[in-house]
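Biologist: Could you walk me through this model, and then take a close look at one part of it with me?

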Amino acid sequence: MTSPNSVPRRFPGIAIPEPLAKLWTLVVPLVVVWLFSFLASSISQTAAIDLGYALANLIIVVAMWTFIGNSGVLSFGHIAFVAVGAWTLSLLTIPATIKSSIMPDLLPFLSDAQATPLVALAIAAVAGGLVALLSGLALMRLNGLEAGIATFALLMLVVQILTYWKQVGPKAGQSMTGLPRSFDLQTVLLIALLVIALAWLYGQSRSARMLRASRDNIQAAPASGVRVTLHRVIAFTVSGALAAIGGAVWVQLNGVAQASQFSLDFTFTTIAMLVVGGMRSLWGAVVGTLAISALSHALSLLEKGVQLGDFMISLPSGSRLITLGAIMVIILIFRPAGLTGGREAMWPFRPKITRPGAQAAE
């Protein structure tokens, strides 16, 4: 006997089980990211370098979607967790001799701590998730503009701590150098694909479904027994851990960690990627990041000047951020749900749910 949950979806000439139809929403982003990476790494060395940063941004944007897309609460503070991840990996992988010279006031256990890059990556994820959990217990009761301002305040707090607390980093305004670059492009790609899969798994969970119910109707959800604050804290914690992974990958590519790097520019760029693609879907996070990354690479080349025959085409310095801002405004005006309309990557044929006895009736 077939249960209602196992009834397959029927397409014109094609029938697939319901679990495979859901799995398609994961397979498409993974394949697209892999193809994008393959093509970008084949173009030039410059494109391959930019690809590494694009994949790091992709991890961060997917982490932001994990909370923002499912809860509907706009967060301006996720770069705080990115900073925590970057800081943690840096402190654990910079050689002790270099740490003692550039950070003489470091706490003893941090000064002596050492870990392999992958172990440091896992610890960074735990640190980001823990900071998100502790802050989420206080912030996740807020809604709307209040929540956005509170998360922005969290970002400012973390940046100030990393800037001026010399027991956990260098002296005010200085950089952490000597970070060994252990992640090649292939490793970064595998980490990005893993983060996408983890975010997708969370999106399929009961907690995420409850959170989306509160997103769609914040008044009715509590009346239906949905514990909104609890599910927001869970999403915020998962999102913080994934964002910290993105920060750890980013600093591995950058080679230098400085608190001022995790500022409004970083926040604006990642939010723009999420908005352009579509905040309500994982597919939107992937599309927005890849589209903005490709456009940003092209604009950067134009800022440096591109020779086309006898003509040199160049853009004024700063055109990249101006263009990205204009594109985000246009998207918000004409397609507020983003390029994907906030929908996941669906099977290319329009589904038709087959009910028991429907075939006999036909």
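Biologist: How many helices and strands does the secondary structure of the protein come to? And for the close look, which residues in H13 and H14 meet, and which residues of H12 and H14 make the contact there?

Modeller: Happy to. This is a predicted model, in which local features need pLDDT of at least 70 and side-chain atom pairs count only at pLDDT 80 or more, while totals for chains, interfaces and linings use all residues. Residues are numbered from 1 along each chain as its sequence is written, and side-chain values use heavy atoms, with hydrogens and water left out.

To your first question: the protein has 15 helices and five strands, taken as DSSP runs numbered from the N terminus (helices are H or I, at least four residues; strands are E, at least two). Of its 362 residues, 47% count as buried, a term for under 20% relative accessible area, with exposed meaning over 50% and partly exposed in between (1.4 Å probe, protein chains only). Carbon and sulfur atoms account for 67% of an accessible surface of about 17400 Å², an area from the Shrake-Rupley method with a 1.4 Å probe. Among contacts (heavy atoms within 4.5 Å) between residues at least 6 apart in sequence, 77% join residues at least 24 apart.

Now for the close look at H14, which spans residues 319–334. Helix H12 (residues 264–277) packs on H14 at an angle of about 35°, the axes being 10 Å apart. Here axes are lines fitted to C-alpha atoms over the stretch in contact, and angles run from 0 to 180 degrees between N-to-C directions. H12 passes H14 in a left-handed crossing, meaning that the near helix is turned anticlockwise from the far one by less than a right angle, clockwise being right-handed. From H12 the contact takes Phe268, Thr269, Ala272, Val275 and Val276, and from H14 it takes Leu321, Leu324, Gly325, Ile327, Met328, Ile331 and Leu332. Ten of these residues are nonpolar, two are polar and none is charged. In this scheme Ala, Val, Leu, Ile, Met, Phe, Trp, Tyr, Cys and Pro are nonpolar, Asp, Glu, Lys and Arg are charged, and the others, Gly among them, are polar.

H14 also packs with H13 (residues 282–304), at an angle of about 145° and with axes 9 Å apart. This crossing is right-handed. On the H13 side we find Ile292, Leu295, Ser296, Leu299, Ser300 and Glu303, and they meet Ser319, Arg320, Thr323, Leu324 and Ile327 of H14. The residues of this contact divide into five nonpolar, four polar and two charged. Leu324 and Ile327 of H14 appear in the contact with H12 and also in the contact with H13.

From H13 we can step across to helix H8. Trp200 lies in H8, and its C-alpha is 7.2 Å from that of Leu282, although the two are 82 residues apart in sequence. Trp200 counts as buried because its relative accessible area is 12%. Beyond neighbours within four places in sequence, Trp200 touches Lys22, Leu23, Thr25, Leu26 and Leu282.

Leu189 lies in H8 too, and it counts as buried because its relative accessibility is 6%. Its C-alpha is 6.7 Å from that of Leu55, 134 residues away along the chain. With its neighbours within four places set aside, Leu189 is in contact with Val33, Trp34, Ser37 and Leu55.

H8 has a partner in helix H9 (residues 206–216), where Ser207, Ala208, Leu211, Ser214 and Arg215 are buried. Seen down the axis of H9, these fall within an arc of 115°, so they line one face of the helix; the arc is that of the directions from the helix axis to the C-beta atoms. They pack against helices H2 (45–71), H8 (185–203), H10 (220–223) and H11 (228–254). On the other side of H9, Arg206 and Asp216 are exposed.

Two leucines round off the tour. Leu91, in helix H3 (residues 78–93), is buried because its relative accessibility is 7%. Outside its neighbours within four places, it touches Lys99, Met103, Leu106, Leu110, Ala113, Val168 and Met176. Leu118, in helix H6 (residues 117–139), counts as exposed because its relative accessibility is 56%.
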